[in-house]
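Reader: I would like a close look at the salt bridges of this model, with the cut-offs stated wherever a term depends on them. Please take the pairs one at a time and say where each partner sits.

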Amino acid sequence: MSERKVLNKYYPPDFDPAKIPKLKLPKDRQYVVRLMAPFNMRCKTCGEYIYKGKKFNARKETVQNEVYLGLPIFRFYIKCTRCLAEITFKTDPENTDYTMEHGATRNFQAEKLLEEEEKRMQKEREEEELNNPMKVLENRTKDSKLEMEVLENLQELKELNQRQANVDFEAMLKQYKEFEEEQKRREQEEDEQEMKAMLEQAQNRRLLVDSDSDEEPVKSRAKPVAEIKPTDILQEDPQPQNKKLKTESWERSVGKLNTKSQLAGLVTVRKQKSSPALANGTGSQGATANTDSLPTATGTTSSLGLLGAYSDSEDSASD
């Protein structure tokens, strides 16, 4: 790979460049080149517009038997982008331009036509002046007269502009300075007003903060009330207050079973045959048993049983 970069190559002593065979290529050989369209054109086959600057892979060849001052003329072959029709154009070194040859028409160009017309008129005038000296004098008088008219028109336009637009630059600059000063003064006044408003707001905020700080110690003197949470019954606290709270919550949810009034309702008195005299006593005792506690109720039932047995024994003895 390093042999490609060698600048000096080795030539043997018996090297003869005349013995190297030369390639015989045809004169009208075509080459593929990349070019852009030199002007706007329209295809004759399909009417497609091809604009200047569009790129093509063109075939290039040298035109035979056409030379301008020793410069060869080249022909280019391109294809339409829509119908693939062949379009050819060639170079024009005389006018430093290109000429359309086949397959398309060159679009209208007003600037080029105007330049061609000016060149034609200038050429005709030069030819007339060469053969007729009186024509030269007439052309000079016409040119001088035209130049004087142009100068007069220009002077009239200048005077008209001066009459219509009398601009006093000093007065304009003075007015602009006054406007700037007035604008600065307004900005300063607005800034001062904003600063005053901000200071008033800050002072009001300080007064509010001071008043709040005076009221806070009075409120802090009140004793805080302990809040009772529903989950406090689940926590075991050795203090008696917490125990009392636990029992109260338990009694509210389940109820009391150790009260006398509730247990008295559960006791029923057994009815027995007895004398009328004892019936009044037992009735009163039964009424009291309903109001007494569970141990008293059981005592009355046992006493009633004994009285009933004593009355039965008396009846049997009398019989």
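Author: A search of the whole structure finds 13 salt bridges, a salt bridge being a side-chain nitrogen of Lys or Arg within 4 Å of a carboxyl oxygen of Asp or Glu. This is a predicted model, in which local features need pLDDT of at least 70 and side-chain atom pairs count only at pLDDT 80 or more, while totals for chains, interfaces and linings use all residues. Residues are numbered from 1 along each chain as its sequence is written, and side-chain values use heavy atoms, with hydrogens and water left out. As a general point, side chains of opposite charge can pair when their charged atoms come close.

One of these pairs joins the side chains of R75 and E101, with 2.8 Å from N to O. Because R75 belongs to strand β5 (residues 71–79) and E101 to strand β7, this salt bridge ties together parts that are 26 residues apart in sequence; helices (H or I, at least four residues) and strands (E, at least two) are DSSP runs, numbered from the N terminus. R75 is buried, at a relative accessible area of 15%, whereas E101 is partly exposed at 36%, where buried means under 20% relative accessible area, exposed over 50%, and partly exposed in between (1.4 Å probe, protein chains only). The underlying accessible areas come from the Shrake-Rupley method with a 1.4 Å probe, and for residues only the protein chains shown count as cover.

A second example lies within a helix: the side chains of E129 and R125 meet in a salt bridge at 3.3 Å, N to O. The two residues are four apart in helix α1, so about one helical turn separates E129 from R125. Both ends have some access to the surface, since E129 is partly exposed with a relative accessible area of 27% and R125 is partly exposed with 29%.

In helix α3 (residues 169–221), R185 and E182 are three residues apart, about one turn of the helix, and the closest N and O atoms of their salt bridge are 2.2 Å apart. R185 counts as partly exposed at 38% relative accessibility, and E182 is likewise partly exposed, with a relative accessible area of 28%. This pair does not stand alone, for E182, R185, R186 and E189 are linked in a network of salt bridges.
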